[in-house]
Amino acid sequence: ERQGRAAGDMVNLLTVDVQRVVGAATGLWNALVLPAQIIVAMIMLWNVMGASMLAGLAGMIAILAANYIIAAYQKTVTQKVMDQKDLRMKATTEMLNAMRHIKLAAQELRFRDKILDLRE
């Protein structure tokens, strides 16, 4: 599969994979600890406030729903950013690999403009 990918794709995939591995430890810890913390907090609030703590529980559920929507949007935006990085990395790699040919053909300005356009 590596033969079908450019160097920029490989660098971006490696970067994303490293970020996911690092974030997995935090995610696993949160998945184990946060439900227990929420249950203990709800029990303590029930003992202190009674049934009015249900309003706080409803607020937490609403915030969780909003967080899910925001995370889905963030995933879409992140994918667009990664696609742009891929394009920019491909152009930069192409330029570096063909630097000798570009200089011989006096095409420096055209490739510079191409990379600057991809950065925008």
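**Reading a four-helix chain**

Me: How many positive and negative side chains does the protein chain have, and where do the centres of the two sets lie?

Reply: Count Lys and Arg as positive, Asp and Glu as negative, leaving out His and the chain ends, and place each charge at NZ of Lys, CZ of Arg, CG of Asp or CD of Glu. Here that gives 14 positive and 10 negative side chains, with the two centres 2 Å apart. Keep in mind that this is a predicted model, where local features need pLDDT of at least 70, side-chain atom pairs count only at pLDDT 80 or more, and totals for chains, interfaces and linings use all residues. Numbering starts from 1 along each chain as its sequence is written, and side-chain values use heavy atoms, without hydrogens or water.

Me: Which elements does the protein chain run through from the N terminus on?

Reply: Look for DSSP runs, numbered from the N terminus: H or I over at least four residues for a helix, E over at least two for a strand. This chain has 4 helices and 0 strands, so the order is α-α-α-α.

Me: What span should helix 2 have, and what do its end C-alpha atoms give?

Reply: Expect 1.5 Å times one less than the number of residues. Helix 2 covers residues 53–97, so its 45 residues should span 66 Å, and the 64 Å between its end C-alpha atoms agrees.

Me: What radius of gyration does the protein chain have beside a compact globule?

Reply: Take it over C-alpha atoms; the globule rule is 2.2 Å times the number of residues to the power 0.38. For 120 residues that's near 14 Å, but this chain has 24 Å. The C-alpha trace spans about 80 × 25 × 20 Å along its principal axes.

Me: Is M44 buried or exposed?

Reply: Buried is under 20% relative accessible area and exposed over 50%, with partly exposed in between (1.4 Å probe, protein chains only). M44 sits in helix 1, residues 7–49, and counts as exposed because its relative accessibility is 54%. Buried residues make up 11% of the 120; in helix 2 they include M53 and D86.
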